[in-house]
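Biologist: Please put the structure up, and then we can go through it by question and answer.

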Amino acid sequence: MALRSFYQKTIVRTAFFFTVLFFCSYLIPHNLSLRSLSSSSSTTTTRYPISSNVDPTRWSNASQSRQPNPHFNAAYVTLTKSDAESLGNLRKTIRNLEDSVNRERGYPYIIFCSEPLSQDSRELVRALTHADVEFYDLDSTMYGYSDTIDLDKAAEARRRMSDVIFGDDENYRFASRFMAGVIFRHPALQHIDYYWRFETGTEYVCPLDFDPFQYMYDHQKKLSFSMALYEYEETIPTLFTTIMEFANMNSGLVQSMSNKNSLWHFIIDSETKVFNRCHFWSNFQIADLNFFRGEAYQAYFDHIEKAGGIFYERWGDPIIQSLGAVLLLEKNDVHFWDNIGYRVADYFTHCPSDKALYKKCSCRPEQNFDFDGYSCLRANTSHPIQKSLDSVSRSLTLVPPLHTRIIYTSHDMDNTTPSGFRHAPVSKFLVEVIGGCSIAAALLNVRTVNLPPVWRAVISSCTFGSVGHTVIGTWLLYRMRIIERHSGSPKYAAFVFLSLVTSALLQAGAHRFLNFKMSGPYAILFAMLCQFHHIIPASSRFPLFGTTVSDKIYVYLAAAQMMLANTSIVTPCICGITSGLLYASNVGNIKKWRFPFWKKSRPAPSSNTSSSSNTTAADASIGLSSSHMSQPTGDLRQRSAEQDVQVSEENINAMSSMFPNVSRDAVASALISAKNDMNRAADILLNMGD
């Protein structure tokens, strides 16, 4: 009878707790009046004067292409190489653009070539469209080093950054410099008002029944995008300092942070004032070139050039352009294209949120990168960035600025992110082991006091003390996967291991002075909660009983209910919090530790430029030895067979198009390590910056 009464009380308490939690999680926030980032469209537009840096006399072949629209000139623009793969990707994307949007409109294509493209190759491209196609070869002043760059210092930077994605790639830096600012000084674009920048190999997954150029013109937009994500911190250590120097020297040009219509909120945390590394991705971008050609932006780019960070660090053109937009534009100058879907290989996909478009698009909504942990957007169509004047475009909300890599908070994860353990294998392991052991112990009525000391220690550390604690504790472990998505699995695994060891030592020391029962994974759970408090920001705040609380309160209430319901676990919980605080304070630089089997091995420096160029950051990121890194693809296939992993050429080609500057050996190795799972392989290549 006593046992039955205990279970009845436990079930009633658990049901009551989740009823209250449901009420707080879903009813209160849905009645909040969240601030929208939208603002009314401006009725006037500023046309920046052409920069004095442009010298049209250096080229005689400025664009004279046919224009279908009498109100403005527009063109599709890209940068390509001359190899067969680049040519194939170029033809693929142009064919896709023609099928999706341009066949009936006929806007011209302007293609810049970093390497000379043969006449036959040019004719193969022109054969795809009735629109004009113009090719422009770039010389070293456009595609190369600027006059102020110290070549030895640049070479040293590439060697130093060899374990960072594209860190040792010289061509990546040339392309970044050109696309970030030099391109707008090219005479081929001087008569173009709007450009649609596309990356070769990109696929546009939805047919368009409207003209995006016309939309930009009608609504006086200066910049537009479909994806926003975080930049690798290792690639831009001094970039934000550099742009703030420009802002201080040019206060008359730069938007004030106090201006509510500015874009500062997108990159600066309003509480911590920390730069969050968010930027608009520009492999698909439609923009008003009068902005980029203007004296304001060109002065900004000159400042970037003089700083040399493109070559001395690894500043990419998307974040350079994005920060320029933050400095010089307002919110109503920028447009988010929810209804233009596009895909880069099989990982980065923007799929429209409008269900009416699903039947037209070759993408699935769950593939939307906006739901991914690396995205700076969250789905919230009821609070758009800007009010659309017609049904052309729906929008997502720019996330409030964060200082973390991942942006999903507790409320967001339930409503907008993919369910399950995507990008969270460590969390999946913990939930399965701890939840499974706790359920098994409850069903089998295991009493640890009757077990040998070793088994008692193992089982007690993996099981919660009651049915109610099992339900709430497993739910909290599942919610803590947000930390893993923020930090990456290697770092999160190291954090769990270090917290487990530290809290165990603290509990052992406390056990000598306090008489408490060492039971359950409470210490590691509360260490995670400490990290959750420090690094995961709130997405909303609301009044409650005369005070203001954040949406994170639901997690804290669940943890408090566990601790207060059983005072015997208070000491382990305090030990866990202490362990989390030690990790947060970075004692002994422990935040840089990674779990061994994810650990990156830095390739040995080599004086052979050609061989070292093939030793990419991806090779290091998957923990290969130097002998593996130098293996040809055939040897990798042999190693693949030994591991019973079949890596297809199709997957290697798809991943290579997604990471064009990563060697095929590295891509194949990542696919082998991921057991041919392309999403996991992409994670391996993407997480190399952690």
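Biologist: How many helices and strands does the protein chain have?
Modeller: This is a predicted model, so every value here is computed from predicted coordinates. Counting the secondary structure of the protein chain gives 28 helices and 16 strands.

Biologist: What share of the residues in the protein chain is buried?
Modeller: Buried means under 20% relative accessible area. Of the 690 residues in the protein chain, the buried ones make up 56%.

Biologist: What part of the exposed area of the protein chain do carbon and sulfur atoms supply?
Modeller: The protein chain exposes about 30,400 Å². Of that area, the part from carbon and sulfur atoms is 55%.

Biologist: Among contacts with a separation of 6 or more, what share comes from residues 24 or more positions apart?
Modeller: Contact means heavy atoms within 4.5 Å. For the protein chain, with the separation set at 6 or more, pairs 24 or more positions apart account for 79%.

Biologist: Is strand β2 enclosed or open to the outside, and which residues cover its two faces?
Modeller: Strand β2 covers residues 109–113, and five of the five are buried, so the strand is largely enclosed by the rest of the structure. Both faces are covered. One side has the buried residues Tyr109, Ile111 and Cys113, and the other has Ile110 and Phe112.

Biologist: Which residue of β1 stands opposite Ile110?
Modeller: Strand β1, residues 74–80, pairs with β2 in the parallel sense over five bridges. Helix α2 (residues 84–102) belongs with these two strands to a right-handed β-α-β unit. Opposite Ile110 in β2 stands Val77.

Biologist: And which residue in β3 is the bridge partner of Cys113?
Modeller: β2 also pairs with strand β3 (residues 133–137), in the parallel sense and over five bridges. With helix α3 (residues 119–126), β2 and β3 make a right-handed β-α-β unit. The bridge partner of Cys113 in β3 is Asp137.

Biologist: Which residues does Ile183 contact, leaving aside its neighbours within four places in sequence?
Modeller: Ile183 lies in the loop between α5 and β4 (194–198). At 0% relative accessibility, Ile183 counts as buried. Its C-alpha is 7.6 Å from that of Met142, which is 41 residues away in sequence. The contacts of Ile183 beyond those neighbours are Val77, Phe112, Phe178 and Leu189.

Biologist: Is Phe166 buried or exposed?
Modeller: Phe166 sits in the loop between α4 (151–160) and α5 (170–180). Its phi is positive, about 60°, although Phe166 is not a glycine. With a relative accessibility of 14%, Phe166 is buried.

Biologist: What is the relative accessible area of Asn586?
Modeller: Asn586 is another residue other than glycine with a positive phi, near 60°. Its place is the loop between α21 (570–584) and α22 (609–613). Asn586 is partly exposed, with a relative accessible area of 28%.

Biologist: How many residues of helix α12 are buried?
Modeller: Helix α12 (residues 317–328) reaches 16 Å from its first C-alpha to its last, close to the 16 Å expected at 1.5 Å a residue. Its buried residues include Asp317, Gln321 and Ser322 as well as Ile319, Ile320 and Leu323. An α-helix has 3.6 residues a turn, so residues three or four places apart point the same way. For α12 the buried count is twelve of the twelve, so the helix is largely enclosed by the rest of the structure.

Biologist: What is the bridge partner of Tyr204 in β11?
Modeller: An open sheet of three strands runs in the order β5-β11-β12, with antiparallel pairing. Its edge strands are β5 (203–204) and β12 (348–350), each pairing on one side only. β5 and β11 (residues 342–344) are joined over two bridges. In β11, the partner of Tyr204 is Tyr342.

Biologist: UniProt lists 490–510 and 553–584 among its entries for "transmembrane region". How far apart are the end C-alpha atoms over each of these two ranges?
Modeller: The listing comes from an unreviewed UniProt entry, which also gives residues 6–28 and 454–478. In the model, residues 553–584 are 88% helix and 0% strand, with the end C-alpha atoms 20 Å apart. Residues 490–510 are 100% helix and 0% strand, and there the end C-alpha distance is 30 Å.

Terms used. Residues numbered from 1 in each chain as written. Predicted model: local features only at pLDDT ≥ 70, side-chain atom pairs only at ≥ 80, totals over all residues. Heavy atoms only, no water. Helix = DSSP H or I, 4+ residues; strand = E, 2+ residues; numbered from the N terminus. Buried < 20%, exposed > 50% of the residue type's maximum accessible area, 1.4 Å probe, protein only. Areas by Shrake-Rupley, 256 points an atom, 1.4 Å probe, with all protein chains shown as cover. Pairing = 2+ DSSP bridges. Right-handed = clockwise from strand over helix to strand, strands pointing away. Expected span 1.5 Å × (residues − 1). UniProt positions renumbered as here; feature names shortened; annotations may be inferred.
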